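Me: I would like to go through this model with you and ask, for each term, what justifies using it. Please set each value against its definition before you conclude.

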Amino acid sequence: MVIYLPGAVEEEEQVEALDELSPRQIVAHLDKHVVGQKAAKRAVAIALRNRIRRQKLPEDMAEEVVPKNIIMIGSTGVGKTEIARRLSRLANSPFLKVEASKFTEVGYVGRDVESMIRDLVEIAIDLVREEKLEDVADKAEQNAEERVLDLLLPPVPQSARNSASAEEKARAQEAFAKTREKLREQLRGGKLDERMVEVETRERSMPAFEIISSSGIEEMDINVKDILPGIFGQKTKKRKMPVADAMDHLIQEEEQKLIDMDQVTRLAVDRVEQNGIIFLDEIDKIAGREGGHGPDVSREGVQRDILPIVEGTTVNTRYGIVRTDHILFVAAGAFHVSKPSDLIPELQGRFPIRVELETLTVEDFVRILTEPKSALIKQYVGLMETEGIKLRFTEEATRSIARFAALVNERTENIGARRLQTIMEKLLDEISFEGPDLKPKDVTIDEEYVQKMLASIVADEDLTRYIL
Ligand SMILES: Nc1ncnc2c1ncn2[C@@H]1O[C@H](COP(=O)(O)OP(=O)(O)OP(=O)(O)O)[C@@H](O)[C@H]1O
Ligand SMILES: [Mg+2]
């Protein structure tokens with residue numbers, strides 16, 4: 001009997017810099033989250049490693065090495081997006097996932113393909129800013145503390161000091177310093193958190209309208225956002241707030257002061273150009289060459305628009321010009337209706353590496369339920385534990401759940417591992433509902449329970465369709 005210990009849902013671990021990871025290590029990391037799919041994991045690991053290798057080449061040669069873009073082919077729910085998602089957490093690289101089907105041809109209403117580069121830069125800015133924030137965090141906190149102390153105990157005004165004798169001045173100074181240190185101690189101990197202080201805050205009154213992101217206006221957005229704060233913002237206003245809030249507020253303000261945004265911007269753009277990864281999901285939805293009717297008209301157009309970006313071009317962003325030559329593209333699609341060969345040949349050529357993801361088996365389902373760091377069963381155990389319920393699954397029960405999932409996939413639509421979610425939800429329906437009222441608090445899900453909860457639904461074709 002397998003017993004899943006409570007609290008099994010682990011925190012996402014912080015991995016060492018991607019640069020130091022060998023392909024084998026990258027795969028090992030992905031293995032913690034994604035079951036099977038060796039070929040796909042290998043392909044992304046090699047592609048990532050190759051760009052690290054490239055960066056070690058002499059500059060003129062490095063320029064010549066183009067990224068080996070990848071197409072992942074596999075039906076729905078087998079882990080395509082999951083691999084990319086996990087990769088992004090691992091990579092210290094700016095990472096963007098977009099649905100190819102979201103784009104429309106340049107000149108039409110909708111998002112133009114260049115917007116993905118602009119989005120990627122925004123992500124990189126956040127990433128770099130976040131890193132810089134860590135660097136200045138201590139300093140910002142110190143500064144904020146001094147400012148809060150200034151508020152709590154305003155410095156003695158100059159005029160008052162002038163009238164006193166030298167001796168008196170020194171004594172006053174000393175007393176002042178002493179009180180300040182005492183306050184500092186109390187402040188750090190959280191004893192002053194509730195006390196009210198008046199803080200000068202910079203009001204960033206953002207304009208009260210959203211910018212519509214159709215391609216033309218998006219260009220404009222570049223200027224509008226930069227200009228508006230100058231017109232509306234930077235008004236200061238005194239606000240009363242508890243010391244605890246004031247501290248938070250001032251820390252933020254100090255952080256902003258300490259961070260060199262020009263440097264952040266430069267680093268971010270560089271990071272995008274050298275390490276950026278774009279995951280183009282649903283690429284199969286834009287495949288198809290025949291023009292003529294309906295949405296097909298723009299499909300080929302979108303592919304043609306994507307071409308230069310994948311090939312290497314420059315894109316104007318509000319942070320400057322970005323070269324796309326070395327951005328890694330990972331495309332993914334189910335390719336049920338269309339095939340990779342339905343993409344225009346030029347685009348196919350830009351994605352030299354093809355990997356197929358395998359269909360998941362009952363055995364895979366068992367592992368998906370139990371092994372990944374945030375496997376479904378671990379999630380449910382964790383969720384129920386918050387209500388004091390100890391949930392356990394026997395090995396047979398787990399296997400039975402996996403078999404039901406496979407069966408339903410076979411009978412209705414094959415939605416891969418996503419089926420496990422619907423099955424688990426149904427299986428634990430009663431327990432989830434009872435929650436805090438459940439007695440006894442120890443619940444073991446065995447095969448019998450699984451059968452009881454699921455067999456009847458699976459037996460009835462209609463019920464299966466609606467419920468699972
Ligand atoms: N091989 C796997 N290992 C672990 N979990 C998986 C695996 N495949 C799928 N899953 C789980 O199933 C869910 C759906 O997977 P994912 O989003 O990767 O599907 P997909 O292949 O991108 O499908 P689609 O073509 O519909 O986008 C995720 O929650 C993921 O955790
Ligand atoms: Mg997906």
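Me: What makes strand E5 and strand E8 a pair?
Reply: Strand E5 (residues 277-281) and strand E8 (residues 328-333) are joined in the parallel sense over four bridges, and two strands pair if DSSP finds at least two bridges between them, so the criterion is met. In E8, Leu 328 is the bridge partner of Ile 277. Strands here are DSSP runs of E with at least two residues and helices runs of H or I with at least four, both numbered from the N terminus. The model is a predicted one, in which local features need pLDDT of at least 70 and side-chain atom pairs count only at pLDDT 80 or more, while totals for chains, interfaces and linings use all residues. Residues are numbered from 1 along each chain as its sequence is written, and chains are lettered from A and ligands numbered from 1 in the order in which they are written.

Me: Why are strand E2 (95-99) and strand E9 (353-356) called edge strands?
Reply: The open sheet has five strands in the order E2-E5-E8-E1-E9, with parallel pairing, and E2 and E9 are called edge strands because each pairs on one side only. Neighbouring strands of this sheet are turned by 20° against each other on average, direction ignored.

Me: How do you know that helix H4 (residues 80-90) lies across the strands, and at what angle does H4 run to E8?
Reply: Helix H4 lies across strand E1 (70-73), E2, E5 and E8 and runs at about 155° to E8, where axes are lines fitted to C-alpha atoms, for helices over the stretch in contact, and angles run from 0 to 180 degrees between N-to-C directions. Helix H5 (residues 115-152) also packs on the sheet, touching E2 and E5, and its direction makes about 145° with that of E2.

Me: Which residues does Val 330 touch, and what makes them contacts?
Reply: Residues up to four places away in sequence aside, Val 330 touches Val 44, Asn 69, Ile 70, Met 72, Ala 84, Ile 277 and Phe 279; contact requires C-beta atoms, placed from the backbone, to lie within 7 Å.

Me: Which residues come nearest to ligand 1?
Reply: Thr 76, Gly 79, Thr 81, Glu 82 and Ala 417 come nearest, of the 18 residues around ligand 1, a residue being near if its C-beta atom, placed from the backbone, lies within 6 Å. H4 gives the most to this shell, with three residues.

Definitions and conventions: Two residues are in contact if their C-beta atoms, placed from the backbone, lie within 7 Å.
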